[in-house]
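Dear colleague,

Please find below the structure that I promised to pass on to you, with my notes on what turned up in it.

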Amino acid sequence: MKAWKIAGTGLIGAAAIIAAAARGERVVGMHELDWEGDCVPSGGRRYRGLSHFAYHQRQLMRMVVPLARVYLLRAIEPAFREQIMIVTAMSNSCAP
């Protein structure tokens with residue numbers, strides 16, 4: 001019984017955080033530590049501290065509602081979504 005109360009409280013808290021993050025303008029940005037010199041590192045993102053990691057987690061939480069619309073509610077057709085992923089991968093030199 002106690003586990004259900006803890007889980008329920010956790011779910012309510014998570015829902016409140018997601019709702020708060022979903023409010024307002026959805027802007028995703030880069031953290032100052034994402035850059036090495038004047039460019040993004042070619043080997044991918046590496047977190048350089050807890051604040052850097054937390055910054056990107058907050059950015060991800062802001063995008064939960066739009067991502068849910070795309071993947072769960074099918075706001076974009078799956079075939080078109082796949083085309084977007086392929087074009088993005090190709091433009092980032094990640095050719096299949």
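**What was found**

At a relative accessibility of 38%, Leu67 counts as partly exposed, because the buried class ends at 20% and the exposed class begins over 50%. Please keep in mind while reading that this is a predicted model. Leu67 has its place in helix 3, which covers residues 64–71, and together with Leu60, Tyr71, Leu72, Leu73 and Met85 this leucine makes a nonpolar surface patch of about 630 Å².

The next residue to look at is His52, which sits in helix 2, the helix that runs over residues 50–62. Is His52 buried or exposed? His52 has a relative accessible area of 0%, so this histidine is buried. Leaving aside residues up to four places away in sequence, the residues that His52 touches are His31, Leu33, Asp34, Arg46 and Tyr47. There is also a polar atom in the side chain of His52 that lies 3.1 Å from the backbone nitrogen of Arg48.

A second histidine, His56, is likewise found in helix 2, and because its relative accessibility is 8%, His56 counts as buried. With residues up to four places away in sequence again left out, His56 touches Gly29, His31, Asp34, Arg45 and Tyr47. If you compare the two lists, you will find His31, Asp34 and Tyr47 among the residues touched by His52 and also among those touched by His56.

Arg46, one of the residues that His52 touches, is placed in the loop between helix 1 (2–22) and helix 2. Since its relative accessibility is 46%, Arg46 counts as partly exposed. How far apart are Arg46 and Asp34 in sequence and in space? They are separated by 12 residues in sequence, while the distance in space from C-alpha to C-alpha is 7.7 Å.

Finally, I turn to the aromatic rings, where a search of the whole structure finds 1 aromatic pair. This pair is formed by Tyr47 and Phe53, and its arrangement is edge-to-face, with 5.2 Å from centre to centre and 90° between the planes. Tyr47 counts as partly exposed because its relative accessibility is 41%, and Phe53, at 36%, counts as partly exposed too. When you open the model, Tyr47 may be a useful residue to find, as this tyrosine is touched by His52 and by His56, and is also a member of the aromatic pair with Phe53.

With kind regards

Note on methods: Residues numbered from 1 in each chain as written. Predicted model: local features only at pLDDT ≥ 70, side-chain atom pairs only at ≥ 80, totals over all residues. Heavy atoms only, no water. Helix = DSSP H or I, 4+ residues; strand = E, 2+ residues; numbered from the N terminus. Buried < 20%, exposed > 50% of the residue type's maximum accessible area, 1.4 Å probe, protein only. Polar contact = N/O pair within 3.5 Å; in protein donor to acceptor, adjacent residues only side chain to side chain. Contact = heavy atoms within 4.5 Å. Patch = residues over 30% accessible without salt bridge, like charges linked within 9 Å, V, L, I, M, F, W, Y side chains within 5 Å. Areas by Shrake-Rupley, 256 points an atom, 1.4 Å probe, with all protein chains shown as cover. Salt bridge = Lys/Arg side-chain N within 4 Å of Asp/Glu carboxyl O. Phe/Tyr/Trp six-rings, centres within 6.5 Å; stacked < 30°, edge-to-face > 60°.
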